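Good morning, and thank you for making time for this presentation. I should like to introduce a structure that is new to this group, beginning with its overall composition and then turning to particular residues.

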Amino acid sequence: MEHVLNIALIEPEIPQNTGNIARTCAATGARLHLVGPMGFQITDKQVRRAGLDYWDKLDITYYDSLDDFLEINKGAEFYFFTTKAEITHSDMEYKNNAFLVFGKETKGLPEELLKDNHDRCVRLPMRGIIRSLNLSNAVCVGAYEVLRQWGYPELSQKGKLTKYDW
């Protein structure tokens, strides 16, 4: 069975974050879903610079709004990342074709969406003195947890050291 990981960014605001996330998607084979309105255009130099060598290796889908995204992907396995969740990202079991959904850098995901999907909200543990992780870091942590649970499907072992390499 082919495993499919989807990363959804709801109204991203910082082009460098989106570029870094695109690079993570290219490295892991995750599909990227960009939901508008965005705080920049994909043609912006900052986005391209952060993921310049990887844009041709991405599977990107664009949506006009959160409502469009939810309607088009109705019935999907959504996991909403928020600092307000009780369940940690590593305690959730991610199903195939998972959608990891992240909100905009300044506000996160809409409160109503989180309330309506309480059992599908996850958080990354961190010290209380920190508001949140950088969005691109949070996406990377979430994506690799899902891939770990799935046994890192289709990711190469290139560069893996053995005891004989020492």
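Of the 166 residues in this protein, 41% are buried. Please keep in mind throughout that what you see is a predicted model. The accessible surface comes to about 9800 Å², and carbon and sulfur atoms account for 49% of that surface.

Let me turn to the secondary structure. The protein contains five helices and seven strands. Followed along the sequence, these elements appear in the pattern β-α-β-α-β-α-β-β-β-α-β-α. As for the contacts between residues with a separation of 6 or more, 75% of them join residues that are 24 or more positions apart.

In what order do the seven strands stand in the sheet? The order is β3-β2-β1-β6-β4-β7-β5, in an open sheet with parallel pairing. The edges are taken by β3 and β5, the latter covering residues 87-88; each has a single partner strand, so one side of each is left without a neighbour in the sheet. For β5, two bridges make the connection to β7, and these two strands run parallel. Within this region, Thr88 stands opposite Arg123, a residue of β7.

I now come to the interior. The largest nonpolar core comprises 29 residues, and those with the most contacts inside it are Leu5, Ile7, Leu9, Tyr94, Leu100 and Phe102. Two or more residues are given to this core by each of β1 (5-10), α1 (15-28), β2 (31-35), β4 (77-81), β6 (98-102) and α5 (135-149). Which of these elements gives the largest share? That is α5, with six residues. Apart from this core lies another one, of 15 residues, which includes Ala8, Phe69, Phe80 and Leu109.

Leu100 offers a useful view of the largest core. If we set aside its neighbours within four places in sequence, Leu100 is in contact with Leu5, Asn6, Ile7 and Ala8, with Tyr79, Phe81 and Tyr94, and with Gly142, Ala143 and Val146.

One residue in that list, Gly142, deserves a closer look. Gly142 belongs to helix α5. Is Gly142 buried or exposed? Its relative accessibility is 0%, so Gly142 counts as buried. Beyond its neighbours within four places in sequence, Gly142 is in contact with Phe81 and Leu100. There is also a relation to His89: the two residues are 53 residues apart along the chain, and their C-alpha atoms are separated by 6.8 Å.

From the interior, let us move to charged pairs. As a general point, side chains of opposite charge can pair when their charged atoms come close. How many salt bridges does this structure hold? There are seven, and I shall describe three of them.

The first I have chosen joins Glu11 to Lys104, with 2.9 Å between the closest N and O atoms. This pair links distant parts of the chain, for Glu11 sits in the loop between β1 and α1, whereas Lys104 sits in the loop between β6 and α4 (111-116), 93 residues apart. Glu11 has a relative accessible area of 22% and is therefore partly exposed.

The next pair is Asp59 and Arg31, whose closest N and O atoms are 3.3 Å apart. Here, too, distant parts of the chain are linked: Asp59 is in the loop between α2 (45-51) and β3 (60-63), Arg31 is in strand β2, and the two are 28 residues apart. Both partners are partly exposed, Asp59 with a relative accessible area of 37% and Arg31 at 32%.

The last of my three examples is the salt bridge between the side chains of Arg120 and Glu77, at 2.7 Å from N to O. Arg120 lies in the loop between α4 and β7 (121-123) and Glu77 in strand β4, so that this pair links parts of the chain 43 residues apart. Arg120 counts as partly exposed at 23% relative accessibility, as does Glu77 at 22%.

Finally, I draw your attention to the surface. A nonpolar patch is formed there by Met126, Ile129, Ile130, Leu133 and Val141, which together have about 420 Å² of accessible area. Val141 lies in helix α5, the element that also gives the largest core its largest share. With a relative accessible area of 36%, Val141 is partly exposed, whereas Gly142, also in α5, is buried.

Thank you for your attention.

How values were computed: Residues numbered from 1 in each chain as written. Predicted model: local features only at pLDDT ≥ 70, side-chain atom pairs only at ≥ 80, totals over all residues. Heavy atoms only, no water. Core = buried A, V, L, I, M, F, W, Y, C linked by side-chain atoms within 4.5 Å. Buried < 20%, exposed > 50% of the residue type's maximum accessible area, 1.4 Å probe, protein only. Helix = DSSP H or I, 4+ residues; strand = E, 2+ residues; numbered from the N terminus. Contact = heavy atoms within 4.5 Å. Areas by Shrake-Rupley, 256 points an atom, 1.4 Å probe, with all protein chains shown as cover. Salt bridge = Lys/Arg side-chain N within 4 Å of Asp/Glu carboxyl O. Patch = residues over 30% accessible without salt bridge, like charges linked within 9 Å, V, L, I, M, F, W, Y side chains within 5 Å. Pairing = 2+ DSSP bridges.
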